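Please open the structure in your viewer and keep the sequence panel beside it. The stops below each begin with a selection and then say what is to be found there.

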Amino acid sequence: MDLIPVSRPSFGEEELASVKTVFDSGWLGLGAQVLEFEQEVGKFLGAKNVVCTNAGTTALHLALDALGIGKGDEVIVPSFTFVATIQAITETGATPVFCDIHADDLNMDINDVRKKISPKTKVIMPVHYRGIPCDMDEIQSLAKKHNLKVVEDAAHAFGSSYKGKKIGSFGDIACFSFDPIKNISCGEGGAVVFQDDILLERVQQKRILGIDRDTWSRYRNERSWFYDVVTQGYRYHMSNISAAVGLVQLKKFDKMNRRKIEVATRYDAAFDGVEGITLLRNEGYKEIGLFVYILKINKGRNELMDYLTRNGVGSGVHYIPSHVFSFYKKEGVHLPITEQIYDEILTLPLFPDITDAQVEHVITSVKSGVVAR
Ligand SMILES: *Cc1c(COP(=O)(O)O)cnc(C)c1O
């Protein structure tokens, strides 16, 4: 039996045709399509400045680096995230200080953040887990009080709104990912999104090797031979090929997201009240760009995963908390909620092209698996 995957990108002829225009132009790297994609993403989000990168991880690193974060600085971040978030912090030389999460939506616990602020703290980094926004009012007012920046890891939250405002349209900096399984995909890609015009030049320069004026000539598919290098930079820019894919995916976002929410709503209805299963808080997915479907299995999560595999249903654990990895393990770090839910969380198949028959098979298998233990 073919396994129903946990996730699968929705790519087709339109994406191929868009990439072909880039092949025909002969300009494959940073160029006109990247500019167009940045402008379209800016319009979609209602954001002023969008700088696209080759990954979400590099977007996060670029954002922190542009803010001058480095050795001796601390960044408060949930341990419960994809390790990319943490690697982006440690790459700058800064220290991640792990905070705990709320048991109901698995987002950053602001009270724990408050306890972990020290004189070295420079940034709070919320992760909008599954696409459900963190409490940004609380986070921003705490940051303001202590003169900290907020860099949002919005890798899950492309298209989500907080109190009627799109994530990325407000706040200091939000970073998105367009990797193969995210809400929209460029194949691989990311974006640094912010409103501050003063930051724009620095982020653009750092994105392409610290070169001073290359971005604007490349946006016209041209290259100037003379340039200056003004800062430490990286090779983080997006390619026209990726942007061409992203332009098509952006147009498909509403349709893809609507289907995912329809399926998640069906899962919620099917699993609500089932013994051994706890649903996560979701507010009815109102104004949400939904990334994944996750629930809590109160006991025997790993056995259920094996059972699902035998029944042709893929499942996953998003994520292994970062503070348990060898590289980040430290004496005395205890995050009770994070450690508890790590044994309980289960990710079920959710992607735009999942069929109704597949959805029903997932539901039947989970229900019989929970009982079968
Ligand atoms: C996917 C992801 C990233 C990194 O994005 P890439 O494009 O894969 O580099 C960062 N943080 C979280 C929470 C993610 O899910």
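Does Glu38 count as buried or exposed? The model in front of you is a predicted one, and in it Glu38 counts as buried, because its relative accessibility is 6% and the limit for that class is under 20%.

**Stop one: from helix 2 to helix 7**

Keep Glu38 selected and add Arg207, whose side chain meets that of Glu38 in a salt bridge with an N to O distance of 2.9 Å. Glu38 belongs to helix 2 and Arg207 to helix 7 (residues 197-207), so this pair ties together parts of the chain that are 169 residues apart in sequence. Arg207 is buried as well, with a relative accessible area of 0%.

Now move to Lys206, which forms a salt bridge with Asp65, their closest N and O atoms being 2.7 Å apart. Since Lys206 lies in helix 7 and Asp65 in helix 3 (residues 56-66), the pair ties together parts 141 residues apart in sequence. Both Lys206 and Asp65 are buried.

**Stop two: Asp104 and Arg281**

Select Asp104 and Arg281 next, and display their side chains, which meet in a salt bridge at 3.1 Å, N to O. Distant parts of the chain are linked here, for Asp104 is in the loop between strand 3 and helix 5, while Arg281 is in the loop between strand 10 (277-279) and strand 11 (293-297), 177 residues away. Asp104 counts as partly exposed, at 36% relative accessibility, and Arg281 is partly exposed too, with a relative accessible area of 34%. If you add Asp105 and Glu283 to the selection, you will have a network of four residues, Asp104, Asp105, Arg281 and Glu283, joined by salt bridges that share partners. Over the model, the count of salt bridges comes to 18.

**Stop three: the nonpolar cores**

Turn to Phe37, Phe158, Phe176 and Phe178, which touch the most other members of the largest nonpolar core, a set of 45 residues. Among the elements that give two or more residues to this core are helix 2 (32-45), strand 1 (49-53), strand 8 (173-177), strand 9 (190-194) and helix 9. Centre the view on Phe176 and, leaving aside neighbours within four places in sequence, look for its contacts, including Leu45, Ala59, Ala154, Phe158, Ile167, Ala191 and Val193. Another core, of 30 residues, lies apart from the largest one, and Ile132, Ile261, Tyr285 and Ile288 are among its members.

**Stop four: helix 1 against helix 9**

Select helix 1 (residues 13-25) together with helix 9 (residues 240-271), which pack at an angle of about 145° with their axes 8 Å apart. The crossing of helix 1 past helix 9 is right-handed. On the side of helix 1, the residues in contact include Glu14, Ser18, Val22 and Phe23, and on that of helix 9 they include Ile241, Val245, Val248 and Lys252. The residues of this contact divide into seven nonpolar, three polar and three charged.

**Last stop: Glu222**

Finish at Glu222, in the loop between helix 8 (214-218) and helix 9, where the residue counts as partly exposed at 41% relative accessibility. Not counting residues up to four places away in sequence, Glu222 touches Trp27 and Ser217. If you then draw a distance from its C-alpha atom to that of Pro119, 103 residues away along the chain, the two atoms are separated by 46 Å.

Definitions and conventions. Residues are numbered from 1 along each chain as its sequence is written. This is a predicted model: local features need pLDDT of at least 70, side-chain atom pairs count only at pLDDT 80 or more; totals for chains, interfaces and linings use all residues. Side-chain values use heavy atoms; hydrogens and water are left out. Axes are lines fitted to C-alpha atoms, for helices over the stretch in contact, and angles run from 0 to 180 degrees between N-to-C directions. Helices (H or I, at least four residues) and strands (E, at least two) are DSSP runs, numbered from the N terminus. A crossing is left-handed if the near helix is turned anticlockwise from the far one by less than a right angle, and right-handed if clockwise. Contact means heavy atoms within 4.5 Å. Ala, Val, Leu, Ile, Met, Phe, Trp, Tyr, Cys and Pro count as nonpolar, Asp, Glu, Lys and Arg as charged, and the others, Gly among them, as polar. A nonpolar core is a set of buried Ala, Val, Leu, Ile, Met, Phe, Trp, Tyr and Cys residues joined through side-chain atoms within 4.5 Å. Buried means under 20% relative accessible area, exposed over 50%, partly exposed in between (1.4 Å probe, protein chains only).
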